[in-house]
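User: Please take a close look at one part of this model, the eight-stranded sheet and what packs on it. I would like one connected account.

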Amino acid sequence: MAKPFGIFCQIPNVKKHGLILPGAGGKVAGMTEDLISQPQPRLLAAADWGDYELIDSGDGQKLERFGRYRFVRPEPQAMWAPRQPAESWQADGRFVPGQGREDDEEGGGWTLSPDLPDSWQVGYDGLRFLARPTPFRHLGFFPEQAPHWRWCAAQIDRFAATHGRPPRILNLFAYSGIASLHAAQAGAEVTHVDASRKAIAQAFENRDTAGMEDAPIRFITEDASRFVEREIRRGRSYDGIILDPPKYGRGPKGERWRIESDLVPLLQGCRQILSENPRFLLLTIYAIRASSQAAHYALSGIMEGAGGAVSSGELVSVESQPDPRVISQANFARWTAEGA
Ligand SMILES: C[S@@+](CC[C@H](N)C(=O)[O-])C[C@H]1O[C@@H](n2cnc3c(N)ncnc32)[C@H](O)[C@@H]1O
C-alpha cells in the first residue's frame, strides 16, 4: 500500500477513518490531487414544494417566496452576484440586520408591507401550517428541513409495515412542530419536546391549522436533556428520534444548553432510550462552525454496534433558476436500521 503523505500527515485519525487514497484524484495540469475516502456529504433539497421557493440570491442576501409572499433575508453565504440586481427584487418583507456583529442573528428587524397579514397558511404534503415573520429572521419554520420530513415518513411507513404498529417518535427541540405533525400524519405516535412555552403554543396553532387536533402527539414543555434522563429512569423507549439542537438554549427552569458540551451526553441518552427495534435517529445542526463530518462521527460513534448505516451531508436551498446555485443551511447525520 502506498504510504500516506502530505495532507494525510496533518489530519489525525487518518487510519481510523480509512483515509488513504494518495493520488486518487487524478492529474490536473501536471499536479496530483489527493482525495480522501471519508463519508461523502450528500446535498438534500426540498423537491416539488409549491409554497416555497428560493428565487434569487447574491450580495449577501436571498429572495424567497413563502406561499404568495416574498421576503429578502440576509444570507452571508451568498458571496456571488444575484441573477437580477438585488435593488430590483420585489418583496413583501425585508429583514434588516442590526449594526452588531455580522453573525449576530439576534439583532435587526423586519420592514414589512402593510398588506402582509400577521400569519398565513402554507402547505407541504397535504399538511397546512402557518408562516409568519419572527424576530429571529425566519418565518416560523425551516423549509430546507422538508427532505427530513419525507425521509422520516418513509421510515415510519417501513416500521409500521414491519412491526404492525405505529412507531413511537421523539422530536427534541421541536419548535413549531412541522416535523411532529408530518410524522403524525405519516402514522407515528409523537412526543414533541421544547423548552419554550411560546414554541409549544406555535406548535398547537400549527396542529389546529392542520386540523390535527386529535393526532397522537404529546406536547411537553421541558428541557430536552432532562426529559431524556427522565425517560431513561422510567424505562420508556422510542423507535425513532429527531433532534435539531440550537447552539445555546435554556430549559424552562433555566437549564443551560451548549451544543459543544451537551450534545454527546444527549446523544448517549438518546441511544439508551431507543427501542429494541429502532428505526432511525436524525440529527440536524445549524448553529455550529463544523462540517457535516462532525455530525457523522458523533452519530456513528453513538450508534456503534447497532448495525444499520449512517449518512450525512447538508440541507440546502436551491435557486429556482436555470443553472441553480445552492445555499447550505444546516449539517445533518442520520442513522437508520436498514441502509441510509
Ligand atoms: C432551531 S429550533 C429547532 C427547529 C425545529 N427542529 C424545526 O424544524 O422547526 C431550536 C428549538 O430548541 C428549543 N430549545 C432551546 N433550548 C432548549 C432546551 N434546553 N431544551 C429543549 N428545547 C430547547 C427552542 O425553544 C427552539 O424551539
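Analyst: The account below goes from the sheet to the helices beside it and then to the ligand.

This is a predicted model, in which local features need pLDDT of at least 70 and side-chain atom pairs count only at pLDDT 80 or more, while totals for chains, interfaces and linings use all residues. Residues are numbered from 1 along each chain as its sequence is written.

The sheet is open, and its eight strands follow the order S3-S18-S19-S17-S14-S11-S12-S13 with mixed pairing. Helices (H or I, at least four residues) and strands (E, at least two) are DSSP runs numbered from the N terminus, and two strands pair if DSSP finds at least two bridges between them. Strand S3 (42-45) and strand S13 (217-221) are the edge strands, each pairing on one side only. Direction ignored, neighbouring strands of this sheet are turned by 20° against each other on average. Axes here are lines fitted to C-alpha atoms, for helices over the stretch in contact, and angles run from 0 to 180 degrees between N-to-C directions.

At the S3 edge, four bridges join S3 to strand S18 (residues 309-318) in the parallel sense. There Leu-43 stands opposite Glu-314 in S18. Helix H2 (residues 146-163) packs on the sheet and touches S3, strand S14 (240-243), strand S17 (280-285), S18 and strand S19 (326-336). Two residues are in contact if their C-beta atoms, placed from the backbone, lie within 7 Å. The direction of H2 makes about 170° with that of S17.

Towards S13, helix H4 (residues 197-209) lies across strand S12 (189-194) and S13, and runs at about 160° to S13. Helix H5 (residues 224-234) has Ala-224, Phe-227 and Val-228 as its buried residues, where buried means that 20 or more other C-beta atoms, placed from the backbone, lie within 10 Å of a residue's own. These three cover an arc of only 95° around the axis, which puts them on the same side of H5; the arc is that of the directions from the helix axis to the C-beta atoms. The buried residues of H5 pack against strand S11 (168-172), S12, S13 and helix H6 (259-272). Just after H5, Gly-235 has a positive phi of about 70°.

The ligand is surrounded by 23 residues, of which Phe-173, Tyr-175, Ser-196, Asp-244 and Gly-249 are the closest. A residue counts here if its C-beta atom, placed from the backbone, lies within 6 Å of the molecule. Helix H3 (178-185) and strand S15 (248-250) are the elements that give two or more residues to this shell.

Notes:
A residue is buried if 20 or more other C-beta atoms lie within 10 Å of its own, exposed if 12 or fewer, and partly exposed in between; C-beta atoms are placed from the backbone.
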